[in-house]
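Visitor: Please take a close look at one part of this structure and explain how that part sits in the rest of the chain. A connected account would suit me better than a list.

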Amino acid sequence: MATSLLVIVIIASLHLIAFVFAIGAEMRRSTATVVPDEYDETTHCVYDSDASTTYGLIAFGLLLISHTVLMVVTRCLCCGKGLKSGGSTVCAIILFVVSWHLFLGAESLLLAGSLRNAYHTKFRSALPLKNLSCAMLRRGVFAAAAALTFLSLVFSILYYSTHSRADTGGWQKHQNEGIGMVPSNFPQQEQPDRRAEELGKV
C-alpha cells in the first residue's frame, strides 16, 4: 500500500486543530472566587466562562476522528492483508502500540479535564471566607493533553508510513505468484495450435 499524502494531511490537520483547542482549553480554565451572598450570611463560588469545557470536548472529538481515520486506512494493523516480514513490520507494530497509548492518554485527559472543569461548587453556608475552597480544574491537565496530542500526531504519521511500507509485501507476493503462473500456460496453449497445423497438412 503506497503512502497517501491526502491521508497524512487529514490526520495531521485534525491532530493540529485538536492540539490548538487543547491549548485554548488550558488558557481558558474556569476560575472561581468566593463571595458572600447579599441576602443572608451564606457564601458561594462564582465561576467565570466555561469555554474550557467546550474547547476540551472539541479537541476530544477531533482527536477521535483522526485516530479513527488512521485505523480505518491501516485496517487496525491486524484486519488487513498480511504484512511482509522484516524490520518495517516490527516497527509498525511498535508504533501501533505507542500511538494507541498516546491516543488513549490524550483522550482521557481531555475528557476528564472537560468534566472536571464543568463541575461547580454549590453554596457553602455559615463558614468563614478564608476556609472556603471552590472546586477548580488543576493547572496543566489540558497542557498535558495537548502534549500527548502532539506526540500522537508524530507517532501516528510514523506508524502510517511504516505500515504502508510493510504492507506492500502482500501486493508483491501476489504479483510474483501471477508472473510465475504465466509460463505454465504456454504449453497448454501451444498444443491445440500444433494439432490444428497437423490437421491442416493432412
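Guide: Contact here means heavy atoms within 4.5 Å. With neighbours within four places in sequence left aside, Ile 157 is in contact with Ile 8 and Ala 12. The model is a predicted one, and the part to look at is helix 4, which covers residues 141-181.

Ile 157 is found in helix 4. Ile 157 counts as partly exposed because its relative accessibility is 23%, and the buried class ends at under 20%. Both of its contact partners, Ile 8 and Ala 12, are among the buried residues of helix 1. Another pairing of Ile 157 is given by C-alpha distance: Ile 157 and Leu 70 are 87 residues apart along the chain, and their C-alpha atoms are separated by 8.8 Å. Leu 70 is one of the buried residues of helix 2.

Val 154 also has its place in helix 4. Val 154 has a relative accessible area of 34%, so it is partly exposed. Val 154 belongs to a nonpolar surface patch of about 390 Å², made together with Leu 16, Phe 150, Leu 151 and Leu 158. Helix 4 gives the most to this patch, with 4 residues. A residue needs over 30% relative accessible area to enter a patch; Val 154, at 34%, is above that value.

The two helices met through Ile 157 can be described in turn. Helix 1 runs over residues 5-27 and has 23 residues; from its first C-alpha to its last it reaches 33 Å, close to the 33 Å expected at 1.5 Å a residue. Its buried residues include Val 7, Ile 11, Leu 14, His 15 and Glu 26. Glu 26 is buried because its relative accessible area is 15%. Glu 26 forms a salt bridge with Arg 29, with 3.7 Å between the closest N and O atoms. Arg 29 has 13% relative accessibility and therefore counts as buried. The structure holds 1 salt bridge.

Helix 2, residues 51-73, likewise has 23 residues and reaches 33 Å between its end C-alpha atoms, close to the expected 33 Å. Among its buried residues are Ser 52, Thr 53, Leu 62, Leu 63, His 67 and Met 71. Just after helix 2, Arg 75 takes a positive phi of about 55°.

An annotation also touches this part. An unreviewed UniProt entry places the feature "transmembrane region" at residues 57-78, 90-115 and 135-160. In the model, the span 135-160 is 77% helix and 0% strand, and its end C-alpha atoms lie 41 Å apart. For residues 90-115 the figures are 100% helix and 0% strand, with 38 Å between the end C-alpha atoms.

As for the whole, the chain has 5 helices and 2 strands, running α-β-β-α-α-α-α from the N terminus on. Of its 202 residues, 33% are buried. The accessible surface comes to about 12,300 Å², and 65% of that belongs to carbon and sulfur atoms. Among contacts with a separation of 6 or more, 81% are between residues 24 or more positions apart.

Terms used: Residues are numbered from 1 along each chain as its sequence is written. This is a predicted model: local features need pLDDT of at least 70, side-chain atom pairs count only at pLDDT 80 or more; totals for chains, interfaces and linings use all residues. Side-chain values use heavy atoms; hydrogens and water are left out. Patches are made of residues with over 30% relative accessible area and no salt bridge: like charges are joined within 9 Å, nonpolar side chains (Val, Leu, Ile, Met, Phe, Trp, Tyr) within 5 Å. Accessible areas come from the Shrake-Rupley method with a 1.4 Å probe; for residues, only the protein chains shown count as cover. A salt bridge is a side-chain nitrogen of Lys or Arg within 4 Å of a carboxyl oxygen of Asp or Glu. Buried means under 20% relative accessible area, exposed over 50%, partly exposed in between (1.4 Å probe, protein chains only). The expected span of a helix is 1.5 Å times one less than its number of residues. UniProt positions are given in the numbering used here, feature names are shortened, and annotations may be inferred rather than shown by experiment.
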